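Student: I should like to learn how the packing of two helices is read from a model. Please take me through one case.

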Amino acid sequence: MLFGVAVGCNSKEKASQDGDGGAEVAGRVIPEKLKTTTAARAKTLGCLSCHEGIEAIRESSSAMLAMIKGIGAGQGDPQGCVVCHGGNPKATTIDAAHSGAPDSLRQTGPNAFYRDPGSIWIAHRTCGQASCHPNYVERVKKSLMNTGAGMIQGNLRAWGEKEAMNYQVRWGNYKIEDQDGTKPIVGTSAYKRYMMALISLYPKQFPRRLEALPSPSVEEVEGDPGKAGFVYQRQRCQRCHVGVRGRHTRGDYRGMGCSSCHIVYSNEGLYEGGDPTIAKNEPGHLLRHRIHGTREAGGGIPVETCNSCHNRGKRVGTSYQGVMSFPYGTPFDQDGKQQRPLHQKRYLYISEDLHHQFESRPENPKGGLLCQDCHTSVDVHGDGNIAGTTLAQVEIECEDCHGTPERFPWELPLGYGEEFGRQLSTKPRGLSKKQGLETSQFATEYRALDGFLLSTRGNPLGNVVKDRDKVILHSATGNDFEVPLLKQINHSKKWRSVEGMVSMSQVKAHVDRMECYACHSTWVPQFYGRHARVDFTKDKAGAVPESVDWLASATGPESKDGETAESKLSTSGIKRPGKVTTGYSYLRWEQPILGINGEGRVTPIMASDQLVYSVVGRNGVARTVNRTPEAADTQKALGQRTRPLAMGMSPVQPHSSQRKARTCTSCHSTPKALGYGINGGVFQNRYDQSVIKDVIDQRTGKPLSKQTVVQITPILDLKWDWSTVIDPKTGEQTQTVGGHWPLARGLNKEERDAIDRDGECMGCHREMSNEKLWSQVATKGRLKAQEHIKLMNNLLKNGR
């Protein structure tokens, strides 16, 4: 296999023969002429004696390719395939070629044959070789991409697991320990000081070790139904980490480890390259044999590659593309059928993030930004410490590029935008003349000009430079973008609207207390009420249902060739007892709710962990139905008397920012935005009661039929609509808001009172029937909105 795809991979669908006869090898038909080669061809062409026509892993001018070929030449393979894949380039049969290299050829790299050299379990021998990308593999193993620690803690907290309360991060996908202290292994000295100080302030969010996620038995779950959360996690969530290849379905095809991102698969998973040994009609193969990562290397990593995982949870990847999953699958396609599932979902287009949108100028059309254009190497690979949450690992803020209306990015102190309740220094962060931290020797080099901008944690943004009075972002796509600077816009008074000018330059609290996307993310996917059922009911033969356990399927460090139990095509992985079914109460996307995130800033919050679960035992009897655990900790900032439910909302950077921000009234005159629920929580307020829809005696309210059954089963502890974060009557928080950081919560009374301006129109309009007074302050006819604003402004300034 060449970076995720190989001769001899398993498949239920056999490739068609090419007419000269063939033999089946590991589930695929391999033409006889490609099964063997001559010693002379092997000596001259190496692996290309069979794979002739395959694409070079990098472009011909690449220093990486030249280095690979140079190392390969010393190992008997002038094309350098063995540097990554191992194997024996001088062999004349498939079996011999796809085995370990002989001792005479083996150096410091591979010592076996690796179908996917990017697999995290063997990448230290391939991508992580000393001459290639040293220290990256160790960083990724401790990063969220591999551990899934934050996802695990957040979900298990919603299941009521006490070990996940109080911001504890105990479990990861695998057992791992950080033995070299809290000092990051990469980054500037300023970054390292910043992170060590942050870790000392929030040690729970940066655990020193993780235990492997437990796998309880059926008996344990039946005895304590809350343990079903572990079954749910292992079967439904953990396919999205780089230790496994994941689900083999449309939109989910990808490699492992480094190949998860740097080797591109199309949604259909079909190979479109020139290797004659790879079937063109067999789903599950890479698009082409080519590394993606920089301008030169494939034009960067496509957004959809990231979305093979980031279509779930907070759904930031698909939101960035402007789509949201929904159940209907309409409109029908050209054949009159439902929309084809993508990531096993169907999608509705809302509006893509402004950074993703195409510039449609005919003279210079440009695609939008890739995820990697904003997110840094530390964001993705980690810095060598174990991150327990997203905020622990991500080092960027909007202001790093755009600044504020009063300060340019380089005038801001480190930590601006993620204060975490700290008093920041007044020292400007400045610029950097150096492009990267350790960055890869194969990264695109850009001229420093006046200097590279810095992240809020002190690392240079190696693709964002100051050029006199401009800031230029160099996209990995090859496009360059001029970044709008808020200070320039403010001082030149070139605001797009009066609303923008007022909200950003006149109301200082907006800039000081709010995330930029609190206003600019005008929509957020809101999946209210996540219902989960874990079913162990035996079938007629007495067998308990089973599903793939993604962590049991990941053989981890024991893997000698980088493979896991589910990595080869047509393999389904190791199954464990239990069948998980999920659903939602209802979906919304408009008017996001506001709350406080872990950094202490006002942010959108979204329904992501509103869990209600049911567990059915082996005998078919429900052990618990519609259970909503109570939190074992409280969010004391609200001074509430009772504990909120463990289910809850998550602070989120939705990645759905729009040029036209949400209106003033969408926050200041909308109860939902403040947390009071849709329309102030007046709807769907009977969740804690049975609902019967049958013939009823209207005099007594009792059913007329003796066969009446409950239509909607109650959720006894749910006394509010799902969108209600703050009880409008008591002002207490009803559900958890963010379980990762102590500053995260719903808006408190002081904040809600400061924001709430609902009904203020009545201050004037209740006097409309007072003709004498009204004639003095109003003109005849009806005013348009802008005329009304002008009138009120004149009254304020002139008293008339």
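The dialogue below turns to the whole chain, then to a helix pair, and last to a loop residue.

Student: What kind of model is this, and how are residues numbered?

Tutor: This is a predicted model, in which local features need pLDDT of at least 70, side-chain atom pairs count only at pLDDT 80 or more, and totals for chains, interfaces and linings use all residues. Residues are numbered from 1 along each chain as its sequence is written, and side-chain values use heavy atoms, leaving out hydrogens and water.

Student: How many helices and strands are there in the protein chain?

Tutor: The protein chain has 28 helices and 23 strands; these are DSSP runs, helices being H or I of at least four residues and strands E of at least two, numbered from the N terminus. Its radius of gyration, taken over C-alpha atoms, is 29 Å, which agrees with the value near 28 Å for a compact globule of 800 residues (the rule is 2.2 Å times the number of residues to the power 0.38).

Student: How is a pair of packed helices described?

Tutor: Two packed helices are described by the angle between their axes and the distance between the axes. Here, the axes of H8 (residues 149–158) and H11 (residues 228–237) come within 10 Å and cross at roughly 140°. The axes are lines fitted to C-alpha atoms over the stretch in contact, with angles from 0 to 180 degrees between N-to-C directions. H8 is therefore oblique to H11, since angles under 35 degrees count as roughly parallel, over 145 as roughly antiparallel, 65 to 115 as roughly perpendicular and the rest as oblique.

Student: Which residues make the contact?

Tutor: H8 contributes Met151, Ile152, Asn155 and Leu156, and H11 contributes Gly229, Phe230, Tyr232, Gln233 and Cys237; contact means heavy atoms within 4.5 Å. These residues divide into 6 nonpolar, 3 polar and no charged (Ala, Val, Leu, Ile, Met, Phe, Trp, Tyr, Cys and Pro count as nonpolar, Asp, Glu, Lys and Arg as charged, and the others, Gly among them, as polar).

Student: Is H8 enclosed by the rest of the structure or exposed, and what follows H8?

Tutor: H8 is largely enclosed, because 9 of its 10 residues are buried, meaning under 20% relative accessible area, with exposed over 50% and partly exposed in between (1.4 Å probe, protein chains only). Glycine 160 follows H8 and has a positive phi, near 85°.

Student: Where does threonine 628 lie?

Tutor: Threonine 628 lies in the loop between strands S19 (622–627) and S20 (645–651). At 5% relative accessibility, threonine 628 counts as buried. Leaving aside neighbours within four places in sequence, threonine 628 is in contact with Leu611, Val612, Leu645, Ile715 and Asp717.
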